[in-house]
Amino acid sequence: MTIAAEEEMPVVKRRSSLIRSPQFSSLVILMVLLAVFAIADANFLSPLNISNMMAFLPELGIIALGMTLLLTAGEFDLSVGAVFGLAPVVVMLLVQNGGFDIGIALLAGLLLCIAIGAVNGLIVTKIGISSFLVTLSMLLVVRGAALYITQGFPLKSWDQPGFFVTLLAGSFNIGTFRFYTSLWWFIGLSLLAIYVLHYAKLGNWISAIGSNRNAAVARGVPADAVKIWLFILTSVLAGLAGMISAFRISAASPVAGTGYELEVIAMVVVGGTALTGGRGTILGTIVGALMLRSIRNGIVLIGVPGLAYNIFVGVIILAMLILHALLQKNAARS
């Protein structure tokens, strides 16, 4: 075999591995969906429609980043949608009824999110109850708390110009496209998550815990501590996303985020992260978020009833799970 041929082999292997990867298949499906919607309705790729899609995408995407890391470690959090609704409600109540400064109220809201995540993590790791049961119970507690303290009524959010409004919900234009500062939050947090999961020692720990917790502990990985901090991170990101949303629409509703937990998990799984842990991809999560938001937007534009959205999402999730399973089996045989 010639030297040139030997040097070409790793390139061929890397290319073949990329093509078989879950995130690549998700990207291909995303491209197909975008093309179908663009052909079905010319307004799909219009600046106005893209701006509308990108206004909401970062908020769910931010939660999905935390969920990706948590799922990679073999756990998940069903309370993120409720935390998304509770955090801004608490912030606005502190400002409107308690007379707190908006900055202090935002800090208090984030501290509440830290407490919720810590309780989830401690119960899961120290008592040994399934994260499904723990976070499902927390979902009910948090949602009930949001409804109780507001008596079920939405609150008017902070709409006075200032540093925090600009930081969380400011807008800017790029040509004919209008975006919100939440996009920069999403991009920055995505880059940080990519570094953590794929280049830092913590990322190796997270993957090892999800693959085989006992083996990871035997090699000195602090599995319980890592999981607790991941629960805290996921809860904080959900609260941050809720605050961004409340500032953007100038309203804090106790029922905001209903159903987001399942949509976020769908984004993560569709992107190629294993639901059973051990394999995660931030790039795949970004693709999954784009895919589900494009579906929600596209089916409305082409005239499909919005209530049919769950049918489309369910079919696509099943198709992606089957495709990922086949790719994994093929890779194992290779």
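**A guided look at contacts, cover and confidence**

Visitor: Leaving aside neighbours within four places in sequence, which residues is Asn49 in contact with?

Guide: In this predicted model, Asn49 is in contact with Asn43, Phe44, Asn297 and Leu301, once its neighbours within four places in sequence are left aside. Asn49 itself belongs to helix α3, which covers residues 47-72.

Visitor: Why is Asn49 called buried?

Guide: The relative accessibility of Asn49 is 8%, and the word buried applies under 20%, so Asn49 counts as buried.

Visitor: How do you know in which class of accessibility Pro254 belongs?

Guide: Pro254, which sits in the loop between β4 and α12 (260-270), has a relative accessible area of 1%; since the limit for buried is under 20%, Pro254 is buried. Beyond its neighbours within four places in sequence, Pro254 is in contact with several residues, among them Val89, Arg143, Leu147 and Gly152. Gly152 stands 102 residues away from Pro254 along the chain, yet their C-alpha atoms are separated by 6.4 Å.

Visitor: What makes Gln151 stand out in its phi angle, and why is Gln151 called exposed?

Guide: Gln151 has a positive phi of about 60° although it is not a glycine, and its place is the loop between α6 and β1 (155-156). Its relative accessibility is 57%, and exposed means over 50%, so Gln151 counts as exposed.

Visitor: Why is Ser250 called partly exposed?

Guide: Ser250, in the loop between α11 (223-249) and β4 (251-252), has a positive phi of about 60° without being a glycine. Its relative accessibility is 28%, and partly exposed lies between the limits of 20% and 50%; therefore Ser250 counts as partly exposed.

Visitor: What makes up the nonpolar surface patch, and why can Leu133 be part of such a patch?

Guide: Ile127, Ile129, Phe132, Leu133 and Leu136 make this patch of about 440 Å², and helix α6 (residues 131-150) gives the largest share, three residues. Leu133 is found in helix α6 and has 47% relative accessibility, so it counts as partly exposed; patch residues need over 30% relative accessible area, and Leu133 is among the residues that make this patch.

Visitor: Why should residues 1-9 be read with care?

Guide: The mean pLDDT of the chain is 86, and 90% of its residues reach 70 or more. Over residues 1-9, however, the pLDDT is below 50, and beyond near neighbours in sequence this stretch has one contact in the model. Where pLDDT is low, the predicted coordinates should not be read in detail.

Conventions. Residues numbered from 1 in each chain as written. Predicted model: local features only at pLDDT ≥ 70, side-chain atom pairs only at ≥ 80, totals over all residues. Heavy atoms only, no water. pLDDT = per-residue confidence, 0-100. Contact = heavy atoms within 4.5 Å. Patch = residues over 30% accessible without salt bridge, like charges linked within 9 Å, V, L, I, M, F, W, Y side chains within 5 Å. Areas by Shrake-Rupley, 256 points an atom, 1.4 Å probe, with all protein chains shown as cover. Salt bridge = Lys/Arg side-chain N within 4 Å of Asp/Glu carboxyl O. Helix = DSSP H or I, 4+ residues; strand = E, 2+ residues; numbered from the N terminus. Buried < 20%, exposed > 50% of the residue type's maximum accessible area, 1.4 Å probe, protein only.
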